Amino acid sequence: MKIATIADRAVLVIDGTVVDIAAASGDRFGPDPLSVYEQWDAFAEWASGVGPGTEPLDEAALGCPIPNPRQVFAIGLNYRSHAEESGMAVPEVPATFTKFPASLGGPFDDIEVTEPMVDWEVELVAVVGRRADRVAEADGWDHIAGLTVGQDISDRALQFAAGAQFSLGKSRRGYGPMGPWVVTTDEVPDRDDLALGCSVDGETVQDARTSDLIFSVPQLVAELSAVLPLLPGDVIFTGTPAGVGVTRNPARFLAPGQVLETWVEGIGTIRNTCR
Ligand code: ZN
């Protein structure tokens, strides 16, 4: 099942068509994208019986699949390869920060590049379905509704200003493009081992697999939900592998006019132009 957002309304994407969830369900679910996750079990059961619609999918119309999450978790240094290139020790607990929700963007939105040190970070993003409160790792996946593709765009200067302020440095306008949709885990080849990467103007700069995550998705659900409840529709940016721009020699950063493409196997590709 693929769940997307068009004009702020939750839709199902089925065989190249779009089905408006509120219209098709007689207002039982939607149109608010968050409401789908708040009633996840009932929604998933209803949606499993929905067939293709009559309206063809226009990819350019897709917005951020979860434009209004209550909580956004993001994990730093969650791939050994990225910890090594950063010269940082591999963390013993997830290095957690937030991307403020107003920084999230759509899968084909422009990225505002107004600063000299704007960097890319491909990430697998997990979306919470069932509320998770003190959940064991073995049950972690049961609380995830689906997965999407994310970019944890980072202004490295702001990120390390005033010591370190990851949350602000990763929350400029449009710094969290996501999408193109949320895919349920039954539709990906292997939810624990997906290829992911990104390219700048067609040159691949990150290429890895999620099986290399230090803290896997179910481990993150366990670790985070031990601290506070994870709410339906919350998103977890799970961290980036090696290949970011700041650790290159010489360092490389995004510039206006460049096109950033970001993909995760079995989910899709998002494309963002730097302006
Ligand atoms: Zn990141």
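This note goes through a predicted model of one protein chain with a zinc ion, point by point.

1. Overall make-up. The secondary structure of this predicted chain comes to seven helices and 18 strands. Its radius of gyration is 18 Å, close to the 19 Å that the globule rule gives for 275 residues, so the chain is as compact as a globular protein of that length. Taken along the principal axes, the box filled by the C-alpha atoms is roughly 55 × 45 × 30 Å.

2. Burial, contacts and surface. Of the 275 residues in the chain, 55% count as buried, and the accessible surface comes to about 11100 Å², with 49% of that area belonging to carbon and sulfur atoms. Among the contacts with a separation of 6 or more, 74% are made by residues 24 or more positions apart, which a reader following the chain in the viewer may wish to keep in mind.

3. Charge. The chain carries 19 positive and 40 negative side chains. The centres of these two sets lie 3 Å apart.

4. The zinc site. Which residues coordinate the zinc ion? The donors come from E121 (OE), E123 (OE) and D152 (OD), at 1.9 to 2.1 Å, and along the chain they follow the spacing E-x1-E-x28-D. Two of these residues can also be described by their burial: E121 has a relative accessibility of 5% and counts as buried, while E123, at 0%, counts as buried as well.

5. Surroundings of P107. This proline lies in the loop between β8 (104–105) and β9 (118–119), and with a relative accessible area of 0% P107 is buried. Leaving aside residues up to four places away in sequence, P107 touches L62, G63 and C64, then M178, G179 and P180, and also I270, R271 and N272. For one of these partners, C64, the separation from P107 is 43 residues in sequence and 6.3 Å in space, C-alpha to C-alpha.

6. Helix α7. Is this helix, spanning residues 217–225, enclosed or open? Seven of its nine residues are buried, so α7 is largely enclosed by the rest of the structure. The buried residues of α7 are V217, P218, L220, V221, A222, L224 and S225, and what covers them includes the strands β6 (72–76), β7 (95–97), β10 (122–128), β11 (144–151) and β16 (235–237).

7. Cis peptide bonds. The bond from G30 to P31 is cis, with omega near 0°, and P31 is found in the loop between α1 (21–24) and α2 (33–38). A cis peptide bond also joins G179 and P180, where omega is about -5°; P180, however, lies in strand β13 (residues 176–183). Both G179 and P180 are among the residues that P107 touches.

8. Positive phi angles. A7, although not a glycine, has a positive phi of about 50°; this alanine is found in the loop between β1 (2–6) and β2 (9–14) and counts as exposed at 64% relative accessibility. D27 likewise has a positive phi, near 65°, in a residue other than glycine. The loop that holds D27 runs between α1 and α2, and D27 is exposed, with a relative accessible area of 58%. P31, with its cis bond from G30, is also found in the loop between α1 and α2.

How values were computed: Residues numbered from 1 in each chain as written. Predicted model: local features only at pLDDT ≥ 70, side-chain atom pairs only at ≥ 80, totals over all residues. Heavy atoms only, no water. Helix = DSSP H or I, 4+ residues; strand = E, 2+ residues; numbered from the N terminus. Rg over C-alpha atoms; globule rule 2.2 N^0.38 Å. Buried < 20%, exposed > 50% of the residue type's maximum accessible area, 1.4 Å probe, protein only. Contact = heavy atoms within 4.5 Å. Areas by Shrake-Rupley, 256 points an atom, 1.4 Å probe, with all protein chains shown as cover. Lys, Arg positive; Asp, Glu negative; His and termini not counted. Charge placed at Lys NZ, Arg CZ, Asp CG, Glu CD. Donors = N, O, S within 2.8 Å, 3.2 Å for Na, K, Ca; no water.
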